[in-house]
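These are my notebook entries on strand pairing in a model that is predicted. I went through it residue by residue before turning to the sheet as a whole.

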Amino acid sequence: MIRPILTHPDPRLRETAVPVATVDDDVRTLLADLFDTLYDSGGIGLAATQVGVARRIVVIDLGSPGHRQPYACINPTILK
C-alpha cells in the first residue's frame, strides 16, 4: 500500500522513533508499504517516520528499476 509521505513542517517528523522489539506481521506489512511508497515516489530511501510511523525502520534501494536491490534496516545505529 502506498502511504502519503510527510513533508516539513509536519510535527510528526520530529517524533523520536521507537525500536522494533519483534519482527512480526505488522512490521512485515510496514516494510512492504515502505517499499511500495519508495518505488512510487522514485526515491532511494525512506524512513518509517516519513510516513507517520515512529518506528526505527529505514528502507533503501540503490538498484535500478530493472534491477532492484532492496535493503531494510531495522533498529539501525550510527557508529560514527
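I began with G45 and looked up its bridge partner in strand 2, which is I60. Moving along, I found A47 standing opposite V58 in strand 2. I then noted the pairing to which strand 1 and strand 2 (residues 57–61) belong, which runs in the antiparallel sense over three bridges.

Next I took up V58 again and asked which residue is its bridge partner in strand 3. I find that this partner is C73, and that strand 2 and strand 3 pair in the antiparallel sense over five bridges. V58 therefore enters my notes twice, as I had already written it down opposite A47.

With the pairs in hand, I recorded the sheet: it is open, has three strands in the order 1-2-3, and its pairing is antiparallel. I entered strand 1 (45–47) and strand 3 (70–74) as the edge strands, since each of them pairs on one side only. For the twist I wrote down an average of 15 degrees from one strand to the next.

My last entry concerns what lies over the sheet. I see helix 1 (residues 25–41) lying across strand 1, strand 2 and strand 3, and I note that helix 1 runs at about 40 degrees to strand 2. Which residues of strand 2 belong to its covered face, and which to its uncovered one? I listed I57, V59 and D61 on the covered face, whereas V58 and I60 are on the uncovered one.

Conventions:
Residues numbered from 1 in each chain as written. Predicted model: local features only at pLDDT ≥ 70, side-chain atom pairs only at ≥ 80, totals over all residues. Heavy atoms only, no water. Pairing = 2+ DSSP bridges. Helix = DSSP H or I, 4+ residues; strand = E, 2+ residues; numbered from the N terminus. Axes fitted to C-alpha atoms, helices over the stretch in contact; angles between N-to-C directions. Contact = heavy atoms within 4.5 Å. Buried < 20%, exposed > 50% of the residue type's maximum accessible area, 1.4 Å probe, protein only.
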